[in-house]
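Here's a quick briefing to read with the model open in your viewer. We'll go through a strand and its partners, the nonpolar packing, one polar side chain and the cysteines.

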Amino acid sequence: MSGFVLHQGATVTCLHGGQAQPTKPDARVSVSGMKVTVQPVPYTIAGCTLPPPTAGNGPCVTAQWTSGATRVKASGQPLLLQSSQAVCAPTGTGVIIATTQTRVKAI
């Protein structure tokens, strides 16, 4: 899977429209003037519209990435790519990566 590298300014949302942000971008590597994000670092989600239990099983609170770059790392961890996948908790749904920088690609 190749794709553009995710960075702190990328637009990532849960499937219900909540805004996802990295909890800790990589401190040493930047692209387009913003810190990159790496696979083991979860994202926090704010503004998810999925109702809480009993009406639903939301809202989404965090997203944990299940895939990242296979050949490119930052600080020893796989970079997140536009093609990376994540699972939101507690809903088990995915995320949408709407925009990211378009200068740096990785595999």
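Strands here are DSSP runs of E with at least two residues, numbered from the N terminus. By that numbering, Q39 sits in the loop between β5 (34–35) and β6. Keep in mind that this is a predicted model.

**Strand β6 and its partners**
- β6 covers residues 43–46, and its side chains alternate: Y43 and I45 point to one face and are buried, while T44 and A46 point to the other and are not.
- On one pairing, β6 runs antiparallel to β3 (residues 19–22), with 4 bridges between them.
- Q21 has T44 as its bridge partner in β6.
- β6 also runs antiparallel to β7 (residues 62–65), this time through 2 bridges.
- T44 turns up again here, with T62 as its bridge partner in β7.

**Nonpolar cores**
- The largest nonpolar core has 17 residues, and L6, V12, Y43, I45 and W65 have the most contacts inside it.
- Two or more residues of this core come from each of β2 (11–14), β6, β7, β10 (86–89) and β11 (95–99).
- A second core is separate and has 10 residues, among them V31, V38, V41 and A69.
- Y43, on the buried face of β6, has a long contact list once residues up to four places away in sequence are set aside: L6, V12, A20, Q21, P22, T23, T37, V61, T62, A63, W65 and L80.

**Q39 in its loop**
- Q39 counts as buried, because its relative accessible area is 17% and the cut-off is under 20%.
- A polar atom of the Q39 side chain lies 3.4 Å from the backbone oxygen of T66.
- Leaving out neighbours within four places in sequence, Q39 is in contact with Q64, W65, T66, S67, G68, P78 and L80.

**Cysteines**
- How many disulfides does a search of the whole structure find? The search comes back with 0.
- Why is C14 not bonded to C48? The C48 sulfur is the closest cysteine sulfur to that of C14, but at 3.7 Å it is too far for a bond, since a disulfide needs the two sulfurs within 2.5 Å.
- C88 is in no disulfide either, and its nearest cysteine sulfur, that of C60, is 4.1 Å away.
- C14 is buried, at a relative accessible area of 1%, and C88 is buried too, at 2%.

Conventions: Residues are numbered from 1 along each chain as its sequence is written. This is a predicted model: local features need pLDDT of at least 70, side-chain atom pairs count only at pLDDT 80 or more; totals for chains, interfaces and linings use all residues. Side-chain values use heavy atoms; hydrogens and water are left out. Buried means under 20% relative accessible area, exposed over 50%, partly exposed in between (1.4 Å probe, protein chains only). Two strands pair if DSSP finds at least two bridges between them. A nonpolar core is a set of buried Ala, Val, Leu, Ile, Met, Phe, Trp, Tyr and Cys residues joined through side-chain atoms within 4.5 Å. Contact means heavy atoms within 4.5 Å. A polar contact is a pair of N or O atoms within 3.5 Å; within protein, one must be able to donate a hydrogen and the other to accept it, and residues adjacent in sequence count only if both atoms are side-chain atoms.
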